[in-house]
Structures are given as structure tokens and as C-alpha cells.
Amino acid sequence: MTSTGQEAFSRIVPELPSWRITYTEIATLAQVRRPVPTTWSRRHSDFPAPVAHKDGRPLFDACAVVDWLTTTGRGNADPRHLRAELALYTLAAWRTPALSTSVLVGALTALICLRWQLDAPLSGESWDAVLAQADELDPEDTYVSAELRAVPEPGTIGPQLAALADELTEAAYTPAEAFDWILEVRRRLGSHDLAADEPTPAVVCALAALSGVGTLQEGSVVATPYACSGDLLAALHARSAEGSGHTYLAADSDPVRARLVRRRMLVRGVNEFDLGVTEGEDLPVDDWGYPHLLVSVLPYEPAENRSPQAVLEQVQALTDYLDEGSTAVVLGPADVLVRPLPRHSEADRLRRSFLRDGLLKATVSLPDGAFPYRPGYRTALWVLARTSAEHRTGLVLLADYSAQPLTETVLDALAEDIAIWRAATWLGDRRHEPRHAVIVPAKDLNDRPGAAFTTQHRPPMARYTRDVIERPVRISALEQRLTELHEQAGQRTDLRTALSVQAVLRPDDQPVRRTTVRRLLDDRRLRRRPGHRFAHEHLTTDGHYTVLTPDEVLGIAPPGGRRIDRGVLLTGYEHALFTEPGDIVVTTSPRFGAYVDEEGLSLVAAPARILRVHPDADPPVLPRVLAALLRAAAAEYARTSGAVRASRGIEDLLIPDLSRREAERFDVMLAEIETRAHLLREQSAALDDLARLTAAGIADGTLTLQNLPGTDD
């Protein structure tokens, strides 16, 4: 960073003791895992030294850390964002009993909005001049003046906040991006009232995508009742065509949130004469006209207080805003919108009325997790459109994504299905079969009082998918595999033959010598190699090299399920070590485990590590034998309830130091057991796959069975 850049950056963070960050905050700032900053401080002498300690934790000067990250290029954060991110992460330091989170967020967003309207920095102005300019631009005090006047100690805190707003705006590509940065950290600052009722960013983007806002004609009216902090309205604006000239309407019962929505849209370039935001539940349609598109997230209510009748009446009230050809997308509780209701109840009759009137065009069941603050709140969405009687198709699309993860790929597929359904004027496109959805006559649902508005059968095209078509072939391959395994069992070992260990009591005059891993290491009969820390996102199922984590060592997951790409390994983990054949991979977290890597050429993920047998050790150390003895010793000294760690570490476990002949006998027995266990596991896995594939085909109606030998035709 140049000296000019450092001078500009210093204005973000005043030289106050409160602007200090911990190792955890450094890791988040640099977009790396938590242990990485600790490693940096240990390996790099130029890493900033702690300036203080609090509760045993070192605290670092935030400016010095960001300067080091920018100079060295370490971490994964964009240098452009580091300056802004530092200010965002240290915003908590501004909070005092006098300057609450709500006042802080309100003042910063108001300053960014004011700076955008003035198109000039604010840090060179006195606070009185800033207030005067705000009053001139907002004479009726509808969006900025009150927030700025609420700042305590305006002579000192006001100018500092103005400088912070300037720096955030300069670090961002647009003032709107700086504005959104502040709202992104509202949860971190404890501003839960602005975040509790907002869906996740992925769901917000999906609602904007499937709404079809990008296909609206120029000058259309877009509305969001229950606007909250404006996430949804901002997403709709971002998806709109450039220069579309839409009018944006919003309503929220909280005056603070309504003012925030005004600022948020103004800073995005929406003109005041194209923006109508009211404090309350009613949209300002008398002044601006009825919306062509309405997108709404119904307010959350706990299940014990939720009335299906009241929820459906809310939806009905929203449809009153729809003229012919207008569309509404509504997100609400799944137990009301799509799940079964008591037959012939008031709620049931009201819900089926949306079918009879031709309003309901699509229902989508979503999984848990749509609301971060409501993890158990299951949601669904409706797509409604008012069409004339002669243009009603009598069809409704039922989509079930309740078992799908809320990933970008899944939500994009949902948005595409709805977009094609809308473009086909609610008739469906024969060239496109919806995923996880079926198109059914609305009359079928209306004739079944209380029935769920969800799919009751698989889409017709599902039987032509590759997985279904290949099932008979895969079943035949499994049958052949079972035959081969049976033959291999006969060639390698006869599983029908009893396994005879021939164990007897050791004579008293032949006591066993004992040793420890530490002694084996000191005697150079054993070598220790560390595991490596891999980023979770770098581990896939189709990489070039196997990665052994504690899950594989403990038998929780089969080896080979986690792999890493060769290119990622060579560029990001050049110090990682491969295993060699016979290496013992051990772990103590969450409990002791030992795994012998027979083939080698694997990578070991920390906290697991490698014990490597020295080939010239005398007497020799046999990997299988050592692993078995360590498991037995660790079981004797396992961690007790409430203890932080086991009573003995791996290096101090006491194990027999067997003679060459006795170790070889034990190794032969262990090899025989492993061979039998491996064959049985392979047969069990093949039988499980055979049962699963056949059951899946029978269950979805795509398979049938011919008569088996010994059964009647």
C-alpha cells in the first residue's frame, strides 16, 4: 500500500484503543480459517505484535494488521475490500450506551445517502453544515435528518462517522454497495430488529429471480408489502433491466424501517418521484397506481399463535392489489400454504377459493433454513396471477423442494422452472419438464377438501432419466459383483472354515517387555509426521488424491470419500506430505483412532497425524500390530466424562514390545481377520446397493420383477 493509500486508510479507523481485533477477527477479515493467523504470527517475524491482552487473548492493532495483509498479499480477501471490511468489523467499537446499534446503523446509512445526493465528501464539512444540508435535501424529514440528529456528542462522533461513511463509499464500487455492506453486518452488530424477519440472501435472490421482474415492461410498478429493511426491494431493483424506469412501492409498519427503505432505494438511483414508501400495511396505490408485480414475505408468527385463516386473509388482501395480467409472489408458512388443512374448515375453503378464481398458478415447498433467525420455520411460496376467465388454463404447478438444499444451483433451477411456466402462459412447455414439480388440473385439488397442495406422484418424465433407465443394468452388475465376491472368498479364504487364533495364557516365566511410542521415536524405530490443515471447500469427491480426515481414521466415513485436486494441492498446500505404504494414521480428536494406509499416496488432514515405521528397525515394528496395540492401550486410558483430554497422550501409551516371531504371528492373524472382514463388508455393501436400487425402482413404479427361481409365475 502506498503512503497515500495509508493516509487515506487511516481516516477509516481513528487512533483509538478500541480499534483492536483478535485472532478470530483477523481470520474472518482475511477470509482464512481460524488457525491461520496464529501460524502467521509464529512464522513471520514482521507480523504485527499484540498491543494488549484481554481475558488472556492477544489484541492487535487493526490498521497494522490490514497494512501487513495488503503488503504481503496473504489471505483471500480482495485488497479493495480489506479497508472497508476492517471498518465494518470494528464498527462494534462505536457502540456505547449513548450510541446504540440502531442509531449507529441509521446515521451511517443516512450519511452515505446524503453523500450520494450531494455527490461530494462529507468529512471536510462541520457537523452543523452536514445537518443543514440534510435539512435542505429532506425538508419534511422523511429519510435522513432525524437519523443524523440522533447522533450523540455530534461535535466529535458526528465528524468521525462522516469520515467513515466517506471511506466506505470510496472503497466500494457504488454508494449502494457501501450501504449494503453496513446492512450485511447488522447481525454482527446486534441489530436483530433489522434482520430477524428477513430471509437468507440466497432466498431473497431466488424470489427476485423467479418473480420475472426483468421481463416487465418499462415504467411498471413493483411493490413489496412488509418490506422490513428492504432486502427484497433492493434485489428486485438489481434484477430489473437497466433504465427500466420502474416505480417502486413499499410499506412497513415500523417507521424506522420505512425510512431505511427510502434511503436504500434513493442511494440505488431511484428518483423520489419513482418511489413510494408508507408507514403501515397499505401500499400507496392511490398515488402511484396498482402494481404489475408484487413480491412479499409474510410476517413471521410462532406456530402456536399462527391462524391459518388469518394468514390466508393476508394473502387475499394482497391479491386485491392485482389487476388483470399482474403477478404476485408470496412467501409464507408451509403449514398454511401447502400442507393439509382440516377438511371443510374456513381456512380450507378460503385456500381452495384461490384455485376456483384461477389466481393460484404455482406452489413451491421450501426446506428449513429460509430464515436464519427461525431455523425450524418451514416455508412455501405461492405464485399468483390475475387472468381473465377466457384465459384461465385450469392448471397449477406443484413443486416440492423441501428435501433439496438451499444452494444457488437448486434455487436457480426453481427460478428457471417458474420462468418457463410463466412464459408459457400457465400452460406448460412441452419442450421443458419441470424439476421436482408436476402440472396438475386445479380442479383435482379443489375436489379434495383439506388435501395438501404438494406433489402426490413423480413427474412423468422422471421415468426417462438416466438413473431410472440404467437401474436394470446396475442391478445386473451388482448380481455379477456378488458372484465374483463369492468366488474370491473361495480363492482367498474359506469363510466357512472356523478362524482359529490358538491363543493361550502366557507363561509366568516369559514376561512381555513394554515400550511406548515416545521410546520408539527416540530409538528411531518410528518416525512422526504432521497432518495438514485443508480448507473444507477444497475437499471434493472427485479429486486426484485421497485425504484422510479423523472421520476416515475412526471408521465414520470410508476412505476415498474426500479427495483434493492436484492443481489445488500444488498451489495451496505445497508443504503437505503424502503417506507411504504401511503408514499408521492416528488421531485423538474426537477420540482415539488408528488406521493403516496400506497403499500410501494419501494426504492426512489435521488433527490426524502419521506414525511411519522405520524400514530398518530392529526388532521390526509391524504397522498392523502397532495400530492394534495402540487401540487396545488407548481404550484403557480413554477420556473420562467431563475431561478435556485422555489421561495419556499417544506418545505415553504403554504397549508390549513383541519379539519378531510373536509380532509376525499376530500380524498374520490380523491380516486374516482383515481379509475376512473386507470380503464381508464388500458383500454387505453390494447387497445393500441391490436392495436399495430395486426398492427405489419398485417404489416409483419404474421397475417390475420377473418370476424368481423357485417361485410361482
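**Close-up 1. Lining of the second largest cavity in this predicted model.** The second largest cavity is lined by 14 residues, and those nearest its centre are Glu-198, Tyr-226, Ala-227, Leu-232 and Val-297. A cavity is here a set of points, on a 1 Å grid over the protein atoms alone, where a 1.4 Å probe fits but cannot get out, and lining residues have an atom within 4 Å of a point. Its volume is about 80 Å³, a volume being the space filled by probe spheres set on the grid points, which are joined across faces, edges and corners. Helix H12 (231-239) and strand E7 (293-297) each supply at least two residues of this lining, and E7 gives the most, with three residues. Helices (H or I, at least four residues) and strands (E, at least two) are DSSP runs, numbered from the N terminus. By class the lining has 10 nonpolar, two polar and two charged residues, where Ala, Val, Leu, Ile, Met, Phe, Trp, Tyr, Cys and Pro count as nonpolar, Asp, Glu, Lys and Arg as charged, and the others, Gly among them, as polar.

**Close-up 2. Lining of the largest cavity.** Five cavities of 30 Å³ or more are counted, and the largest of the cavities has a volume of about 130 Å³. Of the 14 residues that line the largest cavity, Pro-620, Val-621, Pro-656, Asp-657 and Leu-658 are the closest to its centre. Helix H25 (623-636) and strand E22 (654-656) are the elements that give two or more residues to this lining, with H25 giving the most, three residues. The lining residues of the largest cavity divide into 11 nonpolar, one polar and two charged.

**Close-up 3. The open sheet E14-E21-E18-E19 and helix H25.** The four strands of this open sheet pair antiparallel in the order E14-E21-E18-E19, two strands being paired if DSSP finds at least two bridges between them. Strand E14 (526-529) and strand E19 (593-597) stand at the edges with a single partner strand each, so one side of each has no neighbour in the sheet. Neighbouring strands are turned by 25° against each other on average, direction ignored. Strand E18 (residues 583-587) runs antiparallel to E19 and is joined to it by five bridges; Ile-584 has Val-596 in E19 as its bridge partner. H25 lies across E14, E18, E19 and strand E21 (609-613), running at about 170° to E19. Contact means heavy atoms within 4.5 Å; axes are lines fitted to C-alpha atoms, for helices over the stretch in contact, and angles run from 0 to 180 degrees between N-to-C directions.

**Notes.** Residues are numbered from 1 along each chain as its sequence is written, and side-chain values use heavy atoms, with hydrogens and water left out. In this predicted model local features need pLDDT of at least 70 and side-chain atom pairs count only at pLDDT 80 or more, while totals for chains, interfaces and linings use all residues.

Key:
1 Å grid on protein atoms, 1.4 Å probe; cavity = no way out; pocket = protein on both sides within 12 Å on 5 of 7 lines; lining within 4 Å.
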